[in-house]
Amino acid sequence: MRNPVVLSRRRFTLSALSLAATGLSGCAGNGGGSLSEAPPPAPAGPQQPGSEIGSGHYKVALILPLSSGGNAGMAAQSMKNAAEMALAEFSNPDIQFLIKDDAGNPQLARMVAGQAMDEGAQIILGPLFAQSVQAVGSAARPRNIPVIGFSTDASVAARGVYLLSFLPETDVVRVLGYAFAQGKRSFAAIVPENAYGSVVEAAFREEIARRGGRVVALERYDAARLQASIGVIAQAARGADAVFIPDGGDVAPTIAQGLVSAGVNTRQVQLLGTGLWDDPRIFNDASMLGGLYAAPDPSGFANFAQRYQTRYGSEPVRTATLAYDSTALVAALVRSQGAQRITDQMLTNPSGFSGIDGVFRFKADGTNERGLAVMRVAAGGGQIVSPAPKTFGGSGT
């Protein structure tokens, strides 16, 4: 088993190359949050003109909603900063970034992608929202230009359109795998009635079936049905080894409190969650203590955030590592492969790559696999109970 290509700060391990080898509110924790990625209806201000970073020969487009208002614009600026930081920390490789503003608008994203390719871009990083990634992919595919998008909606992934984002399906597989390793076989779940809930429910059912487990009950809820759903799951939990609660700090503690009040002993029935649990509101709630969730090893982001703070005087958004790692990946490939175009074969190298948030690799269908840790909820923060893998085994296809 070969080691992944290391993309960390000023570190390159290129022998593994087998050539010749973001609603943004869901970006807390591992960023695998809600899939409500609808772009803002209109930009808050005029579209920013394109700009350039670096003076290298290999041109790379970076498409972000820089002129959008609110969280989208803030995230875009932080991600642009992270890409610039990656170039500086890699001693300014032979790359020039063409920065394009899509204002969170799919039609504009397609247009600026075309402009970037006309200007010589050989790979596109971004956009942030699902519809914009889809639009850019449709423009880039006929010209054989790969796209590395930042959406968490796996439905827009495809060969040639790769998602580097934190996909909720990966969280589900990792935490359930650990639960099965601890002897859990029967599961109940209480899942939000939204797009994120649909994705994690499908992954939950598929993984339990694949491992030969049993779903004893599954309830979907909205605000009106939450208490009734808690009651059903509390009753079902008597015949379950674990209860899966894939929601964030605004709802998960309410569910856990309701289960405990209904007599569920969470020392015997294991609470399970996703990366949305990487939230101070989770850690500060006594009913959540001992729950397990999957997330990247937090030390990577902590180190990155410290360097970002030193350079820019502010905290990065959680999705900033996606821009950093995609930039580092391109820098490593350009340094290794020279002027030749980055291909699907390079990007889907089964050994994968090692970035800020640990190892990752792209699958042939455009989705990704990440090496995640399993964390236990404790007062003050998550504690690692199963470390993230450092390498991948298998083909990755």
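Which residue stands opposite Tyr 221 in strand 9? I looked this up before anything else, keeping in mind that I am working from a predicted model, and I found that Pro 192 is the residue facing Tyr 221.

**Strands 8 and 9.** I then followed the two strands themselves, and noted that strand 8 and strand 9 run parallel and are joined by 7 bridges. Tracing the chain from strand 8 to strand 9, I passed through helix 5, residues 195-210, and I recorded this β-α-β crossover as right-handed.

**Helix 6.** My next entry concerns helix 6, residues 226-236, where I listed Leu 226, Ser 229, Ile 230, Ile 233, Ala 234 and Ala 236 as buried. Looking down the axis of helix 6, I saw that these buried residues fall within an arc of 160°, so they line one face of the helix. The general rule I kept beside this is that an α-helix has 3.6 residues a turn, so residues three or four places apart point the same way. On the other side of helix 6 I found Gln 227 and Ala 228, which are exposed. I also asked what covers the buried residues of helix 6. The cover includes strand 8 (186-192) and strand 9 (214-221), the pair I had just traced, together with strand 10 (242-244) and helix 7 (252-261).

**Aromatic pairs.** Turning to the rings, I took the count of aromatic pairs, which comes to 12. One of them is formed by Tyr 308 and Tyr 312, a tilted pair with 4.8 Å centre to centre and 45° between the planes. I called this pair tilted because its angle lies neither under 30 degrees, which would count as stacked, nor over 60, which would count as edge-to-face. Both residues belong to helix 9 (residues 298-312), and because they are 4 residues apart there, about one helical turn separates Tyr 308 from Tyr 312. Their surroundings I noted separately: Tyr 308 counts as buried at 2% relative accessibility, whereas Tyr 312 is partly exposed, with a relative accessible area of 25%.

The second pair I looked up is Phe 360 with Phe 362, which is edge-to-face, at 5.9 Å centre to centre and 70° between the planes. Here I found Phe 360 buried at 0% relative accessibility, and Phe 362 buried as well, with a relative accessible area of 1%.

Which residues do ring pairs link into a cluster with Tyr 308 and Tyr 312? I wrote down Phe 301, Phe 304 and Tyr 324 as the residues that join these two tyrosines in the cluster.

Conventions: Residues are numbered from 1 along each chain as its sequence is written. This is a predicted model: local features need pLDDT of at least 70, side-chain atom pairs count only at pLDDT 80 or more; totals for chains, interfaces and linings use all residues. Side-chain values use heavy atoms; hydrogens and water are left out. Rings of Phe, Tyr and Trp (its six-membered ring) pair if their centres lie within 6.5 Å; planes under 30 degrees apart count as stacked, over 60 as edge-to-face and the rest as tilted. Buried means under 20% relative accessible area, exposed over 50%, partly exposed in between (1.4 Å probe, protein chains only). The arc is that of the directions from the helix axis to the C-beta atoms. Contact means heavy atoms within 4.5 Å. Two strands pair if DSSP finds at least two bridges between them. A crossover is right-handed if, with the strands pointing away from the viewer, the path from the first strand over the helix to the second runs clockwise.
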